[in-house]
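Visitor: Could you pick a single part of this model and walk me through it closely? I'd like to hear how it sits against what surrounds it.

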Amino acid sequence: MTTSKKYKSDLDTPCLILDMDILDENLEKMQTAAGREGKDLRPHCKTHKCSALARRQIEFGAIGLCAAKVSEARGLVNAGLENILVTGPVVTPGKMEKLLDLLALSPSLMVVVDHPRAIALLEKTLGKRNMTMGLLLDLDVGLHRTGVGPSEAPALAERIVSSPHLRLLGIQAYAGQVQHIQAYEDRESASYQCLQEAVRVFRRLQDSVPTCTIFSASGTGTFDIDLAVADISELQVGSYVLMDAEYLALETAEPVPFPPALRLLTTVVSTNQEGFVTVDAGLKSLYKDGGRPRVVETGDSPLEYDWFGDEYGMISCRQTAKLPPLGTVLELVTSHCDPTINLFDRYYLTRGQEVTGTWPIDLRGCSQ
Ligand SMILES: Cc1ncc(COP(=O)(O)O)c(C=O)c1O
């Protein structure tokens, strides 16, 4: 029996597609860039929410993965993946138990800490189970979202080191506030400045704690800048593999370091108005954040997308005659990839016009 081929034009919309040629190029490029500077990659799975994509990142050479939350890490462990760092703090007894259930399944699991109370709770919970766990000290390098300030870091490190159940393996210094600075030079100096603080803390810790070898940092906006910081041991980049309009709008050292592998397909469903047409992707399929989605142009007329309620979007064009006719399927680059992906169950994998398979977005909704 022969199975018939499936093409992009066969897909029901709105849906997410992954251009696998671009995806593999992005994976290869980031891996090579990191490897050239002797750095490891620990890509962040909060972006793609997909254990199959995480496995591909490992196949391309990543040493491990980042998860934003315990439930996201759980999804990765359930899929048989190892060496996971939970990049957000765990502070309640219930969540701590879940973390340690996961540690029992995956002893390489690490978590960040930024408060003595969380350290005390973790120590107590580990003690009850007679377990030990590797930690990274979460250093606040200016984002002020989580993390301990550089001046309090040594005392927190001492607290960790004094416990038989805790192993201080290094620091996390994620400078989220600089990732989307528009001008490359401004981004470069901002990232350099806040990471120098982290370098000072890291070196001081290394002097007294021999197990302290991991310096996990960076993001897609500064990966090439941060490669020059010798002490950084690994990059925890996320968006590079898929990309979005927010990142594509930044000034970069080379024109498009990572082209968008992720696209959203949407169909023109109404053309009865002057000056715009209506498509079937609205707020429920395109998260409204980080600027407008980009319409991937097929001709010489720049089309623009705007949200038009929960279920619909509006496509306009300076020349009404160039508006797409009823039934046309458009490809959009999403405004902000992470929260948009969290709205879908699967990616359709494409090579050229052909749909070669699907990957479930199995970590979707794992926000706990
Ligand atoms: C802690 C942490 N590390 C790394 C990243 C990856 O950043 P990006 O998607 O900019 O590469 C994020 C993204 O929000 C993050 O929160």
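Guide: Let's start at an odd backbone angle: just after helix H5, asparagine 130 takes a positive phi of about 55 degrees. Bear in mind that this is a predicted model. Now back up into the helix itself. H5 covers residues 116-129, and at 1.5 Å a residue its 14 residues should span 20 Å; the end C-alpha atoms are in fact 20 Å apart, so the expected and computed lengths agree.

Next, the two sides. Ala118, Leu122 and Leu126 are the buried residues to look for in H5. Looking down the axis of H5, you find its buried residues within an arc of 60 degrees, so they line one face of the helix. That spacing fits a general rule: an α-helix has 3.6 residues a turn, so residues three or four places apart point the same way. Swing round to the face turned away from the buried side of H5 and you meet the exposed residues Arg117, Ala120 and Lys128.

What sits over the buried residues? The cover for H5 includes helix H4 (93-105), along with strands S6 (110-113), S7 (133-138) and S8 (166-173).

Zooming out, H5 belongs to a protein with 10 helices and 18 strands. The radius of gyration is 22 Å, close to the 21 Å that the globule rule gives for 368 residues, so the protein is as compact as a globular protein of that length. Of those 368 residues, 42% are buried. And among contacts between residues at least 6 apart in sequence, 68% join residues at least 24 apart.

Terms used: Residues numbered from 1 in each chain as written. Predicted model: local features only at pLDDT ≥ 70, side-chain atom pairs only at ≥ 80, totals over all residues. Helix = DSSP H or I, 4+ residues; strand = E, 2+ residues; numbered from the N terminus. Expected span 1.5 Å × (residues − 1). Buried ≥ 20, exposed ≤ 12 C-beta atoms within 10 Å, placed from the backbone. Arc of directions from axis to C-beta. Contact = placed C-beta atoms within 7 Å. Rg over C-alpha atoms; globule rule 2.2 N^0.38 Å.
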